[in-house]
Amino acid sequence: MSEAAVRVIGLWPSPFVIRVLIALKLKGVEFEFVEEVVGRKSELLLRSNPVHKKIPVLLHHGKPISESLIIVQYIDEVWSSGAPAFLPVDAHARAVQRFWAQYVDDKLPWAIRILKGTDDGGMEQAAGQLSAALQLLEEAFAQLSQGKRYFGGDSVGYLDIALVSHVGWVKAVEKIAGVTLLDKAKVPNLVAWADRLCAHPAVVDAIPDADKFVEFSVTYGSFSKPINAPAK
């Protein structure tokens, strides 16, 4: 049997893998998900990403692309017809979306790892940082969405994909650490956005219920250190 034209190497709980799956589904691209075994790095992964040796990796006709935000942009450029673009046409608007996507990856993963107990650090400090980041993203949503459904306006965009990929773990650490982060009183627009986007046909299967993330965390601990460290 011949290999699929598009393959994704990853692990389902990785937010960086999740965003690649969402991007492909939004574009209507058929793909094969090649799931890594927890605790091991496959020869395919090591061969496909010899520099960082991390997931996710997109294989397109056998050619590898690494780093999730780069992969999402690649998907947007290659499959540009038949589905709305992830990034706006205006150069400044594109730069703003990229800025906030990078902000998401700078602020959320560190705090989430501490709150789920896989990195050392102060739980209160991590919860405070994550809460502050979400409040800034609440303000960004009001500015960027212009009263529409998504950060990308009428359709799911680059920043939507970057941020929603972390929502499963945000909800999971609320349960693990006993904190409230997606608080309707503090970030009502973001809560409504998350509920709306997580029900989207391209997203719903990529982000399981928070209990599944909790179960993974309890079973395997940190898969970002001794196991398959997910690339950004």
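In these legends a residue is called buried when its relative accessible area is under 20%, exposed when it is over 50%, and partly exposed in between (1.4 Å probe, protein chains only). The views show a predicted model, in which local features need pLDDT of at least 70 and side-chain atom pairs count only at pLDDT 80 or more, whereas totals for chains, interfaces and linings use all residues. Residues are numbered from 1 along each chain as its sequence is written, and side-chain values use heavy atoms, with hydrogens and water left out.

**View 1. Domain 1 and domain 2 bury about 1800 Å² between them.** The protein chain is divided into domain 1 (6-79) and domain 2 (91-220), the bounds being those of an automatic or database domain assignment. The C-alpha centres of domain 1 and domain 2 lie 21 Å apart, and the contact (heavy atoms within 4.5 Å) takes 14 residues from domain 1 and 24 residues from domain 2. Of the buried area, which is the accessible area (1.4 Å probe) that two parts lose on being put together, summed over both, carbon and sulfur atoms give 76%. Trp12, Ile22 and Leu69 supply 31% of the area that domain 1 buries against domain 2, more than any other three residues.

**View 2. Polar and charged pairs cross the interface of domain 1 and domain 2.** One salt bridge is counted between domain 1 and domain 2; the term stands for a side-chain nitrogen of Lys or Arg within 4 Å of a carboxyl oxygen of Asp or Glu. The side chains of Arg19 and Asp105 meet in a salt bridge, with 2.8 Å from N to O. Eight residue pairs, both members at pLDDT 80 or more, are in polar contact across this interface. A polar contact is a pair of N or O atoms within 3.5 Å, where within protein one must be able to donate a hydrogen and the other to accept it, and where residues adjacent in sequence count only if both atoms are side-chain atoms. On the side of domain 1 that touches domain 2, helix H1 (15-26) and helix H3 (68-78) each supply at least two residues, and H1 gives the most, with eight residues. Helices (H or I, at least four residues) and strands (E, at least two) are DSSP runs, numbered from the N terminus. By class, this side of domain 1 has eleven nonpolar, one polar and two charged residues, where Ala, Val, Leu, Ile, Met, Phe, Trp, Tyr, Cys and Pro count as nonpolar, Asp, Glu, Lys and Arg as charged, and the others, Gly among them, as polar.

**View 3. Ser165 makes a side-chain polar contact with Arg19.** Ser165 is found in the loop between helix H6 (158-164) and H7 and is buried because its relative accessible area is 1%. The side chains of Ser165 and Arg19 are in polar contact at 3.3 Å. Not counting residues up to four places away in sequence, Ser165 touches Pro15, Ile18 and Arg19.

**View 4. Salt bridges link parts of the chain that are apart in sequence.** Five salt bridges are found in the whole structure, among them that of Arg7 with Glu32, whose closest N and O atoms are 3.3 Å apart. This pair links distant parts of the chain, with Arg7 in strand S1 (residues 6-10) and Glu32 in strand S2 (residues 32-35), 25 residues apart. Arg7 counts as buried because its relative accessibility is 11%, whereas Glu32 is partly exposed because its relative accessible area is 32%. Lys27 and Asp76 meet through their side chains in a salt bridge of 3.0 Å, N to O. Lys27 lies in the loop between H1 and S2 and Asp76 in helix H3, so this pair ties together parts that are 49 residues apart in sequence. Both Lys27 and Asp76 are buried.

**View 5. Ile9 is a buried residue of strand S1.** Ile9 counts as buried because its relative accessibility is 0%. Residues up to four places away in sequence are not counted among the residues it touches, which are Val34, Glu36, Leu44, Leu45, Ser48, Ile55, Pro56, Val57 and Leu59. The C-alpha atoms of Ile9 and Glu36 are separated by 6.8 Å, although these two residues are 27 residues apart along the chain.

**View 6. Helix H7 has buried residues that other helices help to cover.** In H7, Val167, Gly168, Trp169, Val170, Ala172, Val173 and Glu174 are buried, and what covers the buried residues of H7 includes H1, helix H4 (91-115), H6, helix H8 (188-198) and H9. Gly178, whose phi is positive, near 65 degrees, follows H7. The side chains of Asp211 and Lys175 form a salt bridge (2.6 Å, N to O). Asp211 lies in helix H9 (residues 210-220) and Lys175 in helix H7 (residues 167-177), so this pair ties together parts that are 36 residues apart in sequence. Asp211, at 41% relative accessibility, counts as partly exposed, and Lys175, at 51%, counts as exposed.
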